[in-house]
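Subject: The structure I promised you

Hi,

Here is the structure we talked about, with its sequence. Have a look around it first, then read on for what turned up.

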Amino acid sequence: MIVLIILASVLLASISIIQFKAEAKEYHQERLERKENAVKEHINYVLSTTTYPLNTENLDLIFKDKIHELAHIHNIEINIYNLEGQLLKSSKESFSVDKIAPPIPKYILKLVRSSIEKRYVDIKTVNGVKNRSSYTQIKDEKFKPLGVLNLPYLEDDGYYDKELNNFLIRLGQVYSFMLLVAFAIAYFLSSYITKSLKTISDRLNETSFNQKNKKILLEASSKEINLLIAAYNRMVDELEISAIKLAQSEREEAWREMAKQVAHEIKNPLTPMRLTVQSFQRRFRPEDPNILQKMKDYSETLIQQIDTMNAVASAFSNFASMPAQQNETLNVVEVVELTLDIFNEENIVFEKESPEIISKIDRTQLIRIVTNLVKNAIQSIPEQQPNKTVFVTVKRQLDNVLISVADPGVGIKPEDTNRIFEPKFTTKNSGMGLGLGIIKNIIENYKGTIRFETEFGKGTKFTVSLPITNT
């Protein structure tokens, strides 16, 4: 836009200069013709009233006194030449009819004689100033040539130059104003467009596959930007559909893995149970004096394996069927402290920032979170280790309650940190590894988070953050 304005201003200025020069040329040409006609009429009058015979030799006498009068009346220099181009009379005071005065060039005399109007205008530029000189024949009443009339004319373009300069100044002012307006419009337009692009850029940077992305609710003035916004909103819809499909696929895969794990855990006790029953069948003798002891050993083995299978089924049931939340207003600090009493461990140290943090939460699920973390902390400490102190802390941070459990146990290996919340993963010799998966689900249902800090060989600290809600 700005380039177009500059080009238009240059083009208009060029056309204006050409127009002014053409008008000046036409003005000088017409002015010289008017003066020439007026002088010729006056000369014809002088010739018609003179008492001298009308011939070339008498032109000097006829216009001896009249030529200055004519020059004064018409405000122009007048020169009269004979037909051979020699100067006879001039209105210039310093000129006289002598041999020194330059004659009319031969080519000019030839052009005058050959033209229909018996007239020729010679144009020359001297020191940057354009000079016009008209040459025309002086005739008697019978149209007989007597001499040549010469009217030198100096073009004065001062008026037109002044007008041109004023016009160019005004033109420059107008276009300068237009440029300022164009710059202002361009600035605001670019700011408006940039704002739209900034909004799109920010949303693109915030877009993530693991969260619900917001659409851009913006109507831009540019068609291209609106197309870009529409494309982004379509991408958000497609991402959401893909995330739902991926989550469903991950859940199905997790349940398949869980089913394999449960089947494996159930098969483990079945094998010794089968072997025990087969062994009892082979060795059963009613008359055996130790039959009662063997029956007791056989029963204890079966009961032990049955208890193992029952534990597997219970763990899987707890993980698979999360009960609905029964939220109630309670003191989180008090519930955590009462939960720690069931462990009856002297090595558990409870720290609280304040005696009361009130929030609406499911008491059973809160107890399950604390129980699981503390149980894992106690089991991670080797038997031979002298320091077995587990620190449980409850405090408030802004609108969240933080529950942390720190132990001086064996810690977590670096290669296992990314798998710690996987349903079937465990670092212990016993258990199915479902505990952390269960409490992670509970915490996320409350829009909370669970994180941990660990150093292998020195201990681990789990921190649970739950939002405080009272509505």
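How many salt bridges does a search of the whole structure find? The search turns up nine. Before I go through some of them, keep in mind that this is a predicted model.

**Salt bridges**

Start with Glu 36 and Arg 119, which form a salt bridge whose closest N and O atoms are 2.7 Å apart. Glu 36 sits in helix α1 and Arg 119 in strand β3 (residues 119–126), so this pair ties together parts that are 83 residues apart in sequence. Is Glu 36 buried or exposed? Glu 36 is buried, because its relative accessible area is 2% and the cut-off for buried is under 20%.

Another salt bridge joins the side chains of Asp 60 and Lys 89, at 4.0 Å from N to O. Here Asp 60 belongs to helix α2 (residues 59–62) and Lys 89 to strand β2 (residues 87–90), so the pair links parts that are 29 residues apart in sequence. The two partners are covered to different degrees: Asp 60 is partly exposed at 26% relative accessible area, whereas Lys 89 is buried at 18%.

Then there is Glu 69 with Lys 66, whose side chains meet in a salt bridge at 3.9 Å, N to O. Where do these two sit relative to each other? They are three residues apart in helix α3 (residues 66–74), which means that about one helical turn separates them. Glu 69 is partly exposed, with 40% relative accessibility, and Lys 66 is partly exposed too, with a relative accessible area of 37%.

**Helix α1 and its surroundings**

Helix α1 covers residues 2–49, and Glu 33 is part of it. Together with Glu 26, Glu 30 and Glu 117, Glu 33 forms a negative surface patch. Glu 33 itself is partly exposed, with a relative accessible area of 31%.

Arg 31 is found in helix α1 as well. Its relative accessibility of 26% makes Arg 31 partly exposed. Try finding Tyr 153 from there: Arg 31 and Tyr 153 are 122 residues apart in sequence, yet their C-alpha atoms are 9.5 Å apart in space.

**The two sides of helix α4**

Which residues of helix α4 (residues 106–114) are buried? They are Ile 108, Leu 109 and Val 112. These three cover an arc of only 100 degrees around the axis, so they lie on the same side of α4. Now turn the helix around: the face pointing away from that buried side carries the exposed residues Lys 106, Lys 110 and Ser 114.

**A nonpolar patch**

Last stop: which residues form a nonpolar patch on the surface? The patch is made of Val 174, Phe 177, Met 178, Val 181 and Ile 185, and together they have about 420 Å² of accessible area. One of them, Phe 177, lies in helix α5 (residues 158–206). Phe 177 counts as exposed because its relative accessible area is 56%, and exposed means over 50%.

If you want a place to start in the viewer, pick Glu 36 and follow its salt bridge across to Arg 119. After that, colour Ile 108, Leu 109 and Val 112 to see the buried residues of α4.

Cheers

Methods: Residues numbered from 1 in each chain as written. Predicted model: local features only at pLDDT ≥ 70, side-chain atom pairs only at ≥ 80, totals over all residues. Heavy atoms only, no water. Patch = residues over 30% accessible without salt bridge, like charges linked within 9 Å, V, L, I, M, F, W, Y side chains within 5 Å. Areas by Shrake-Rupley, 256 points an atom, 1.4 Å probe, with all protein chains shown as cover. Lys, Arg positive; Asp, Glu negative; His and termini not counted. Charge placed at Lys NZ, Arg CZ, Asp CG, Glu CD. Helix = DSSP H or I, 4+ residues; strand = E, 2+ residues; numbered from the N terminus. Buried < 20%, exposed > 50% of the residue type's maximum accessible area, 1.4 Å probe, protein only. Arc of directions from axis to C-beta.
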